[in-house]
Amino acid sequence: MTEAAAGRSKMRRSRLLGEFVDKTLDPLAARQGFSESSLLLRWEAIVGARVAAICEPVKLQWPPRAKRRAADENQAGAKSRAAEKRDEPATLALRVEPGFGLDIQHMSAAIIERVNTHLGWRCVAKITMKQEPLAPRRVRPTKPPVDLAARRQAEAVTEGVADERLRAALVALGERALAKPAR
């Protein structure tokens, strides 16, 4: 295989949609102090559904960085202060549903621990809150009602299948295929 053919085959490799979304959102998230978009995109998985329903991350506020004044100050003292500033963690600003601020305040240590665990380092040290309504969330589509006639017909067709997992998958597929469209 030539080098050009190898390059084309690499370019044609299928990629997950999530790879494009993360790359597109990372610069937008960086404007709010987030080093990556995963904290925003995976908030519910990080803190749990109950906490995610009442709060959402707004921004990471990093401590101000000291400008280099090594010429004016003692070299050793400046280095130790700069190292301390560099290691200071951020403050996570949350938007909290009105009336739930006290709940989030009590859970703040657990939220900080979960965020830091997700990011893999001690990124967040404290949380600030602003109580205002959250943006409306999209409602996940519910499963359509079961068409019993279609299910019975699919079960009758798959009677001879010995493997239970395969049979269950075929019944579910058949049920969807044979079901009458909802109005």
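**Reading a salt-bridge network and its sheet**

Modeller: Let's begin with one pair: Glu-132 forms a salt bridge with Lys-130, and their closest N and O atoms are 3.8 Å apart. Keep in mind that this is a predicted model.

Colleague: Happy to start there. How many salt bridges does the structure hold?

Modeller: The general idea is that side chains of opposite charge can pair when their charged atoms come close. In this structure there are four salt bridges. The cut-off is 4 Å between a side-chain nitrogen of Lys or Arg and a carboxyl oxygen of Asp or Glu, so the 3.8 Å of Glu-132 and Lys-130 counts.

Colleague: And are those two residues buried or exposed?

Modeller: Lys-130 is exposed, at 52% relative accessible area, while Glu-132 is partly exposed, at 24%.

Colleague: Which side chain meets Arg-95 in a salt bridge?

Modeller: That is Glu-56, with 2.5 Å from N to O. Glu-56 sits in strand E1 and Arg-95 in strand E2, so this pair ties together parts that are 39 residues apart in sequence. Glu-56 counts as buried, with 15% relative accessibility, whereas Arg-95 is partly exposed at 22%.

Colleague: What about Glu-175, which partner does its side chain meet?

Modeller: Arg-151, in a salt bridge of 3.0 Å, N to O. This pair links distant parts of the chain, with Glu-175 in helix H9 and Arg-151 in helix H8 (residues 148-157), 24 residues apart. Glu-175 is buried at 12% relative accessible area, and Arg-151 is partly exposed at 34%. Back to the earlier residues: salt bridges with shared partners join Glu-56, Arg-95, Lys-130 and Glu-132 into one network.

Colleague: Now the strands, please. In what order do they lie in the sheet?

Modeller: As a general idea, strands of a sheet pair through backbone hydrogen bonds, either parallel or antiparallel. Here, an open sheet of three strands runs in the order E1-E2-E3, with mixed pairing. Strands E1 (55-61) and E3 (124-131) are the edges, each pairing on one side only. On average, neighbouring strands are turned by 30° against each other, direction ignored.

Colleague: In which sense do E2 and E3 pair?

Modeller: Parallel, over seven bridges, with E2 covering residues 90-96. Within E3, Lys-130 is the bridge partner of Arg-95.

Colleague: Which helix lies across these strands?

Modeller: Helix H7 (residues 101-119) lies across E1, E2 and E3, at about 145° to E3.

Colleague: One last feature: which residues form the nonpolar surface patch?

Modeller: Leu-166, Leu-170 and Leu-173, with about 260 Å² of accessible area together. Leu-166 belongs to helix H9 (residues 164-178) and is partly exposed, at 44%.

Note on methods. Residues numbered from 1 in each chain as written. Predicted model: local features only at pLDDT ≥ 70, side-chain atom pairs only at ≥ 80, totals over all residues. Heavy atoms only, no water. Patch = residues over 30% accessible without salt bridge, like charges linked within 9 Å, V, L, I, M, F, W, Y side chains within 5 Å. Areas by Shrake-Rupley, 256 points an atom, 1.4 Å probe, with all protein chains shown as cover. Helix = DSSP H or I, 4+ residues; strand = E, 2+ residues; numbered from the N terminus. Buried < 20%, exposed > 50% of the residue type's maximum accessible area, 1.4 Å probe, protein only. Pairing = 2+ DSSP bridges. Axes fitted to C-alpha atoms, helices over the stretch in contact; angles between N-to-C directions. Contact = heavy atoms within 4.5 Å.
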